Amino acid sequence: MTTQRLTDQEVRHVAKLGRLKMSDEQVHYFAEQLSHVLGHFQKINELNIDDVEPMAHATDLTNVFRPDEPSTPLTVEQALANAPQTLPPFFKVPKVLGEGSGA
Amino acid sequence: MDLTQLTVTELRDGVAGRKFSAQEAARAFLDRIAARDGTIHAFNEVLADEAMLAARAVDEGKVTGPLAGVPIGIKDNICTTIGHTTCSSRMLKNFRAPYDATVIKRLKAAGAVMLGKLNMDEFAMGSSTENSSTGVTRNPWALDYVPGGSSGGSAAAVAAGFCPASLGSDTGGSIRQPAALCGLVGIKPTYGMVSRYGLVAFASSLDQIGPLARNVRDAATILDAIAGPDGLDSTSAPLDFYSASQGAGRDLLGKLDEPIKGLKLGIARQYLSDANGPAMRQAMEKAIAQFTSMGATIVEVDLPHTEYGIPVYYLVATAEASSNLARYDGVHYGHRTATPEDLIDLYAASRAEGFGDEVKRRIMLGTYALSSGYYDAYYLRALKVRRLIRQDFDRAFEKCDALIGPTTTGPAFKIGEKSSDPLQMYLNDVYTVNCNLAGIPGLSICCGFDESTVDRHPLPLGMQIFGPNFSEAKLLRIARMFEAANNHHHRRPSI
C-alpha cells in the first residue's frame with residue numbers, strides 16, 4: 001500500500017458516514033491528524049496473515065441464549081425521561097420522509 | 001484517628017466491629033473531598049446526601065455484606081440511578097441512568113457506600129484525562145502532571161485519599177496505566193469476568209470494569225464483590241470457565257497471603273525496550289532480582305507481535321466505538337442541537353456539538369477502517385493480527401505461570417505535554433493494549449518511584465503482572481508477594 005494520506009474529501013465522506021457535522025477547517029485539521037495516525041498503522045501490512053483466522057472477540061462463547069420469558073422493561077416514563085423532546089409516549093424528531101426531510 | 005487513611009479491609013472491619021460508624025467514615029471522606037478536590041478535580045459529582053443515607057442504612061443494620069460501610073468512587077461511565085452518568089462528555093451532561101449497572105447492584109448488595117462519580121477521558125477515550133469536558137484531573141503526587149487515563153479520576157481519588165478504592169474501566173489500559181502513574185494497584189480482569197451491563201460501551205470486545213485500590217488485598221476484595229456471571233451480559237463467562245485446575249479459580253482471597261513456591265515468571269524482551277526510561281529500567285531490574293531471591297525462576301519469552309498491538313487496537317477499538325457511539329443521535333437521550341435543518345442535520349449537529357475532538361477522531365478512524373474499500377485492508381487485517389497477538393501469549397504461558405513487565409515506559413508526564421499529538425498519546429498504551437486484545441487479565445502494582453524529575457516530585461512507577469484467562473487468583477498472590485517485600489503501598493503523596 002502506498003503512503004496513506006487521508007484527503008479532505010475522504011474525511012468529509014467519513015464524517016458524513018459518522019454523522020459528524022464539521023467546517024472545512026475542521027475537515028483539514030482532522031485529515032492531517034488522521035493521516036499521521038494511519039501512517040503508523042501501515043506496519044500491520046508487514047505481516048503474513050494468509051492462513052490466520054480473524055479474532056473478533058476474546059471469549060469462546062457463542063450463541064448465548066436465555067429462556068424466552070418476559071421480564072419487566074423500563075416504563076414509558078423512564079424511557080422518555082432523558083429525551084430532549086417528547087410528545088409522550090413518543091420521542092419527537094423532524095420529518096423523516098418527504099420534502100425537506102433530508103432523508 | 002483519620003479514617004481516610006484506612007484501607008478497605010480496615011474500614012470494613014472497623015464498621016463491623018463498631019470501632020466507628022459507617023456514617024463517620026463517609027463523613028470523613030466527604031470532608032476530605034470538600035477540602036481538597038478543588039485542586040485535584042477527581043470527582044465530576046459528589047453525592048454526599050446519597051452517601052450518608054447509604055451509610056446510615058449500614059449503621060441501622062439494614063444492609064450488611066463484605067463491603068458494609070466501605071466508601072467507594074465510581075467512574076462516570078458506569079450507570080448509577082443516583083446522580084448522573086456523563087462519561088465526562090457534553091453529550092451526556094444531564095443524563096440520569098434509569099438503571100444501575102450490575103457492578104453497582106453488587107456493590108450495593110455488599111454494603112458499599114458510593115461517594116460520587118469520577119472524572120475520566122470522554123467516553124473512555126484517552127490516556128491522560130485531558131480529554132474530559134469537565135476539566136483535567138491532576139496527579140496527587142505532582143499537580144502539574146497527569147494522573148493517566150481514561151480512569152484518571154478513579155486513580156487520583158484513591159491516591160489522594162478521597163476513597164479507599166474506586167471502580168474504573170479498561171479497554172486498552174485505562175485502569176492499569178492510571179494505577180501505575182498514581183502508585184496504585186489496578187486490575188483489568190479477564191474479559192467476561194465482570195459484567196459489562198451498565199458500562200457505557202466503548203469497544204465491546206475489549207471493555208472490562210475493574211478496581212483501583214492502594215493495596216492488593218483491597219483490590220482483590222472489590223473484584224471479588226463484583227465478579228461473576230450475569231444473565232444480563234451475554235459475554236460474561238459462566239462459572240465453569242474459572243477452571244480450578246489452573247491453580248486459580250473463582251476464590252480470589254482464600255490464599256492471597258500464601259507465597260507461591262516454584263514460581264516461573266516470564267519476561268518478554270519486547271517489554272524491555274529502549275523506550276523505557278532509566279527509572280523504569282532500574283525498577284524492573286530490581287523487581288526481577290527480588291523475585292529471584294524469593295525463589296522464583298525468571299524465564300525469557302518472546303512475544304514477537306507486541307509492536308503491532310497499537311495499530312491493531314486503534315483499528316479494532318475505534319471500529320467498535322464507531323458502532324457503539326452511533327446511538328448518540330440527539331433523539332433518545334443526550335445533547336440535541338437547537339435548530340436542526342432536517343433529521344440528518346439533527347444527528348450531525350447534535351453529535352458535532354456533543355462530542356470532543358478525540359471522540360470525533362476515533363469515530364472517524366473506526367468508520368474509515370470499516371468502510372467499503374478499506375474493510376479488508378484495515379479492520380479484517382487487524383482482527384487477524386489480533387489472533388497472532390493472542391497466540392503469542394498462549395505460547396508464552398506454556399513456559400511460565402505469569403508474565404511481568406513495565407506497565408508504562410516511564411512515570412506520569414506533564415499536563416499538556418502530549419495532548420497536541422494524538423499518535424504520541426496512543427503510543428503510551430504499548431504495554432497494556434495487548435492484554436485487552438487477547439482477553440487475558442492484567443494488573444499493575446507500584447514497583448518504585450522516579451526520583452529524578454526536574455521539580456523533585458517523586459513519581460510512581462507501575463509493573464504489570466499478566467496471566468492466562470481466569471488466573472486472577474494467582475496474579476494477586478504474586479502481586480501480594482511483591483507488595484510485602486517492598487511496602488511501596490505505605491507511601492502517600494503529600495496532598
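What share of the contacts in chain B with a separation of 6 or more comes from residues 24 or more positions apart? Keep the question in mind while selecting chain B in this predicted model. The answer is 76%.

**Whole chain**

Show chain B as a cartoon. Its secondary structure consists of 15 helices and 11 strands. The radius of gyration is 21 Å, close to the 23 Å that the globule rule gives for 495 residues, so chain B is as compact as a globular protein of that length. Aligned on the principal axes, a box of roughly 70 × 55 × 50 Å holds the C-alpha atoms of chain B.

**Surface and interior**

Switch to a surface view. Chain B exposes about 15900 Å², with 49% of that area supplied by carbon and sulfur atoms. Of the 495 residues in chain B, 66% are buried.

Next, colour the charged residues. Chain B carries 50 positive and 53 negative charges, and the mean positions of the two sets lie 3 Å apart.

**Helix 1**

Return to the cartoon and select residues 8–16 of chain B, which form helix 1. Show side chains for Val8(B), Thr9(B), Leu11(B) and Val15(B), and mark Gly14(B); these are the buried residues of the helix. An α-helix has 3.6 residues a turn, so residues three or four places apart point the same way.

Now add what the buried residues of helix 1 pack against in chain B:

- helix 2 (22–40) and helix 3 (48–59)
- strand 2 (71–75) and strand 4 (165–170)
- helix 7 (216–226)

Finally, select Arg18(B). This residue sits just after helix 1 of chain B and takes a positive phi of about 60°.

How values were computed:
Residues are numbered from 1 along each chain as its sequence is written. Chains are lettered from A and ligands numbered from 1 in the order in which they are written. This is a predicted model: local features need pLDDT of at least 70, side-chain atom pairs count only at pLDDT 80 or more; totals for chains, interfaces and linings use all residues. Side-chain values use heavy atoms; hydrogens and water are left out. Helices (H or I, at least four residues) and strands (E, at least two) are DSSP runs, numbered from the N terminus. The radius of gyration is taken over C-alpha atoms; the globule rule is 2.2 Å times the number of residues to the power 0.38. Buried means under 20% relative accessible area, exposed over 50%, partly exposed in between (1.4 Å probe, protein chains only). Contact means heavy atoms within 4.5 Å. Accessible areas come from the Shrake-Rupley method with a 1.4 Å probe; for residues, only the protein chains shown count as cover. Lys and Arg count as positive and Asp and Glu as negative; His and the chain ends are not counted. The place of a charge is taken as NZ of Lys, CZ of Arg, CG of Asp or CD of Glu.
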